[in-house]
Amino acid sequence: MKKKANNATFPIGNLKRVKDFLPPPGELVMPQDSIKVTISLSRASVEFFKRQARLHHIKYQRMIRQLIDRYAVLYSQ
């Protein structure tokens, strides 16, 4: 006699297909008008951003870019 599978990963009850509501990958991230620059930063600053980025699971370059963007917005007014 075969043993009946009792696995919690199997769906229970009647299944219903739902419409795909997610946008295509190209629409998930809006491109920003940006330019590449070369900048020299202190080792301590870069290490700080790398540690913080690891804690928050984001890229440290993105953190630095957002910091500069916020500073520019604040003092552009």
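In this predicted model, His 57 sits in the loop that runs between helix 1, which covers residues 43-56, and helix 2. The phi angle of His 57 is near 55 degrees, which is a positive value in a residue other than glycine. As background to that angle, most residues other than glycine have a negative phi. His 57 counts as exposed because its relative accessibility is 72%, and the cut-off for that class is over 50%.

Taken as a whole, the chain contains two helices and zero strands. Of its 77 residues, buried ones make up 6%, while the area that the chain exposes comes to about 8700 Å², with carbon and sulfur atoms supplying 58% of it.

Helix 2 spans residues 60-76, and Leu 74 has its place there. Together with Tyr 71 and Tyr 75, Leu 74 forms a nonpolar patch on the surface, and the accessible area of these three residues together is about 400 Å². Leu 74 itself counts as exposed, because its relative accessibility is 54%.

Gln 61 is also found in helix 2. With a relative accessibility of 40%, Gln 61 counts as partly exposed, since that class lies between the limit of under 20% for buried residues and the limit of over 50% for exposed ones. Although Gln 61 and Val 46 are 15 residues apart along the chain, a distance of 9.1 Å separates their C-alpha atoms.

The table sets out the accessibility of the three residues described so far.

| Residue | Relative accessibility | Class |
|---|---|---|
| His 57 | 72% | exposed |
| Leu 74 | 54% | exposed |
| Gln 61 | 40% | partly exposed |

Gln 61 appears again in the description of the largest pocket, where it is one of the residues that lie nearest the centre, along with Ile 35, Val 37, Arg 65 and Ile 68. Rolling a probe the size of a water molecule over the atoms shows where empty space is left. The volume of the largest pocket is about 580 Å³, and 14 residues line it. When this lining is sorted by class, seven of its residues are nonpolar, three are polar and four are charged.

Technical notes: Residues are numbered from 1 along each chain as its sequence is written. This is a predicted model: local features need pLDDT of at least 70, side-chain atom pairs count only at pLDDT 80 or more; totals for chains, interfaces and linings use all residues. Side-chain values use heavy atoms; hydrogens and water are left out. Patches are made of residues with over 30% relative accessible area and no salt bridge: like charges are joined within 9 Å, nonpolar side chains (Val, Leu, Ile, Met, Phe, Trp, Tyr) within 5 Å. Accessible areas come from the Shrake-Rupley method with a 1.4 Å probe; for residues, only the protein chains shown count as cover. A salt bridge is a side-chain nitrogen of Lys or Arg within 4 Å of a carboxyl oxygen of Asp or Glu. Helices (H or I, at least four residues) and strands (E, at least two) are DSSP runs, numbered from the N terminus. Buried means under 20% relative accessible area, exposed over 50%, partly exposed in between (1.4 Å probe, protein chains only). On a 1 Å grid over the protein atoms alone, a cavity is a set of points where a 1.4 Å probe fits but cannot get out, and a pocket is an open set with protein on both sides within 12 Å along at least five of seven lines; lining residues have an atom within 4 Å of a point. Grid points are joined across faces, edges and corners, and a volume is the space filled by probe spheres set on the points. Ala, Val, Leu, Ile, Met, Phe, Trp, Tyr, Cys and Pro count as nonpolar, Asp, Glu, Lys and Arg as charged, and the others, Gly among them, as polar.
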